[in-house]
Amino acid sequence: MQLYNKLSAKEREALLEEAGEDRLTLSFYAYAKIGNPELFRNHLFIAWDQMDVLGRIYVAHEGINAQLSVPARRFNEFKKFIDEIYFLENVRLNIAIEHDIKSFLKLKVKVRKKIVADGLNDDTFDVTNKGIHVDAARFNELINDPNTVLVDMRNHYESEIGHFKGAITPDVDTFRDSLDIIEEDLKDHKEDKNLVMYCTGGIRCEKASAYYKHKGFQNVYQLEGGIIEYTRQVENQQLENKFIGKNFVFDHRRAERISEDVIAQCHQCGKTCDTHVNCANEACHLLFIQCEECAEKMDNCCSTDCKEIHALPYEEQKALRKGKGASNKIFKKGRSKVLLYKQ
Ligand SMILES: [Zn+2]
Ligand SMILES: [Zn+2]
């Protein structure tokens with residue numbers, strides 16, 4: 001039985017192009033108690049591989065977090081399969097607004113310690129004791145209330161290109177850091193203010209809301225389905241859109257445009273721009289914002305050093321990399337001294 005990917009990303013790309021088939025990009029999550037994540041993981045992989053599902057799925061004792069694409073014609077089959085899993089029956093599927101048949105090139109189902117890396121000891125509080133879920137209409141009302149503190153629970157490189165008007169956007173690299181910052185900022189308002197949170201699809205707020213309730217906050221709300229679902233409801237119900245810029249997403253598309261506002265700037269020249277790229281030097285891979293002119297001038301690199309390395313023959317680049325990991329990948333998303341215009 002095949003339990004892992006056999007095709008490379010390149011081979012998959014060619015296949016997807018050849019098939020030319022419509023695919024739906026979607027995400028969902030659920031907190032649940034999963035006794036044997038390994039077994040559950042294999043169950044998912046076998047079924048989804050057959051359905052031609054591609055994506056990145058994390059399974060842990062605390063639940064599942066999935067980002068994937070599925071051929072449009074097999075969507076019903078896919079839906080039926082997940083509805084048969086008791087804690088996924090009628091789970092909210094966040095379906096992407098913009099579709100790209102190549103949003104994912106592999107099916108990776110991984111067992112992790114947590115579905116949200118939060119550095120928290122969950123035994124100390126009940127993750128399922130979550131805040132009040134609100135839809136887009138109620139969310140708009142709540143954030144108009146002067147008694148509301150609106151908090152973006154995402155990381156700095158996400159809120160930099162788009163966020164709700166008036167939101168606090170902590171300058172953090174991790175979810176854990178923002179939990180602490182918000183708690184400190186709001187410690188005198190645990191009872192009198194509405195703490196309203198949002199994130200990409202809701203998974204981080206769901207845990208954060210349980211955490212803050214545990215910490216004594218009385219009025220904790222979260223945007224149900226996150227920015228993705230908000231955008232859908234705003235369009236369907238013709239509500240006022242209070243989100244400006246782009247929604248950062250975790251697949252090859254990198255972001256979905258929600259409003260025409262461009263609120264960020266090129267990290268190299270300061271020009272108005274909100275296009276994330278990864279430095280073309282494989283050993284660097286820094287995530288940063290780069291305008292088209294700088295991309296051309298810098299050969300898609302973040303610095304002159306990277307540009308020089310990138311210009312070397314591939315074998316020489318490989319020799320230089322030997323023994324060094326791509327450290328920027330994880331720890332320096334959008335942060336580096338070489339980026340002059342990163343505030
Ligand atoms: Zn530029
Ligand atoms: Zn670089």
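1. Here is a place to start as you look through this predicted model: R56 has K108 as its bridge partner in β5. That pair belongs to the contact between β2 and β5, two strands that run parallel and are joined by 5 bridges. Strand β2 spans residues 54–60 and is mostly covered, with 6 of its 7 residues buried.

2. On to the other partner of β2. Strands β2 and β3 pair in the antiparallel sense, over 7 bridges, and A60 stands opposite G63 in β3. The link between the two strands is a hairpin through 2 residues, which you can follow easily along the chain.

3. Now for the whole sheet. It is an open sheet of 5 strands, in the order β4-β1-β3-β2-β5, with mixed pairing. At its edges are β4 (94–95) and β5 (107–111), each of which pairs on one side only. Helix α7 packs on this sheet and touches β1 and β3, its direction making about 15° with that of β1. As a general reminder, strands of a sheet pair through backbone hydrogen bonds, either parallel or antiparallel.

4. Strands β1 and β3 deserve their own look. Residues 23–31 form β1 and residues 63–71 form β3, and the two pair in the antiparallel sense over 9 bridges. Within that pairing, L26 has L68 of β3 as its bridge partner.

5. Just before β1 sits E21, in the loop between α1 (9–19) and β1. Beyond its neighbours within four places in sequence, E21 is in contact with L16, P71, R73 and I101. How far apart are E21 and C294 in space, C-alpha to C-alpha? The distance is 35 Å, with their positions 273 residues apart in sequence.

6. C294 brings us to the metal sites. The zinc ion (ligand 1) is coordinated at 2.3 Å by the SG atoms of C266, C269, C291 and C294. Angles of 103 to 116° among the 4 donor atoms make this site tetrahedral, and along the chain the donors follow the spacing C-x2-C-x21-C-x2-C. C269 lies in the loop between β12 (255–257) and β13 (276–278), and C291 in the loop between β14 (287–289) and α9 (292–297), so this pair ties together parts that are 22 residues apart in sequence. Are these two cysteines buried or partly exposed? C269 is partly exposed, with a relative accessible area of 32%, whereas C291 is buried, at 3%.

7. The zinc ion (ligand 2) has its own set of cysteines. Its protein donors are the SG atoms of C279, C284, C302 and C306, lying 2.3 to 2.4 Å from the ion. This site is tetrahedral too, with angles of 106 to 115° among its 4 donor atoms. The donor spacing along the chain is C-x4-C-x17-C-x3-C. Why does the pair C284 and C302 tie together parts that are 18 residues apart in sequence? The reason is that C284 lies in the loop between β13 and β14, while C302 lies in the loop between α9 and α10 (304–311). Both of these cysteines are buried. For comparison with the angles at either site, the ideal value for four tetrahedral donors is 109.5 degrees.

8. There is also an open sheet of 3 strands, in the order β8-β11-β12, with antiparallel pairing. β8 (162–164) and β12 stand at the edges with a single partner strand each, so one side of each is left without a neighbour in the sheet. From one strand to the next, the twist averages 40°. β8 is joined to β11 (residues 243–248) by 3 bridges, and G162 stands opposite G245 in β11. Helix α8 (residues 226–237) packs on this sheet, touching β8 and β11, and its direction makes about 130° with that of β11.

9. Two helices round off the note. In α6 (residues 175–185), the buried residues are F175, S178, L179, I182 and E183. Seen down the axis of α6, these residues fall within an arc of 130°, so they line one face of the helix. Their cover includes β7 (148–152), β9 (194–198) and α7 (203–214). In α5 (residues 156–159) you will find S159, which counts as buried at 5% relative accessibility. Leaving aside neighbours within four places in sequence, S159 is in contact with D152, R154, T169 and I263.

Key:
Residues are numbered from 1 along each chain as its sequence is written. Chains are lettered from A and ligands numbered from 1 in the order in which they are written. This is a predicted model: local features need pLDDT of at least 70, side-chain atom pairs count only at pLDDT 80 or more; totals for chains, interfaces and linings use all residues. Side-chain values use heavy atoms; hydrogens and water are left out. Donors are N, O and S atoms within 2.8 Å of the metal (3.2 Å for Na, K and Ca); water is not among the atoms, so sites may look incomplete. Four donors count as tetrahedral if all angles lie between 85 and 135 degrees; four count as square planar and six as octahedral if opposite donors are over 155 degrees apart and all others between 65 and 115; anything else is irregular. Helices (H or I, at least four residues) and strands (E, at least two) are DSSP runs, numbered from the N terminus. Buried means under 20% relative accessible area, exposed over 50%, partly exposed in between (1.4 Å probe, protein chains only). The arc is that of the directions from the helix axis to the C-beta atoms. Contact means heavy atoms within 4.5 Å. Two strands pair if DSSP finds at least two bridges between them. Axes are lines fitted to C-alpha atoms, for helices over the stretch in contact, and angles run from 0 to 180 degrees between N-to-C directions.
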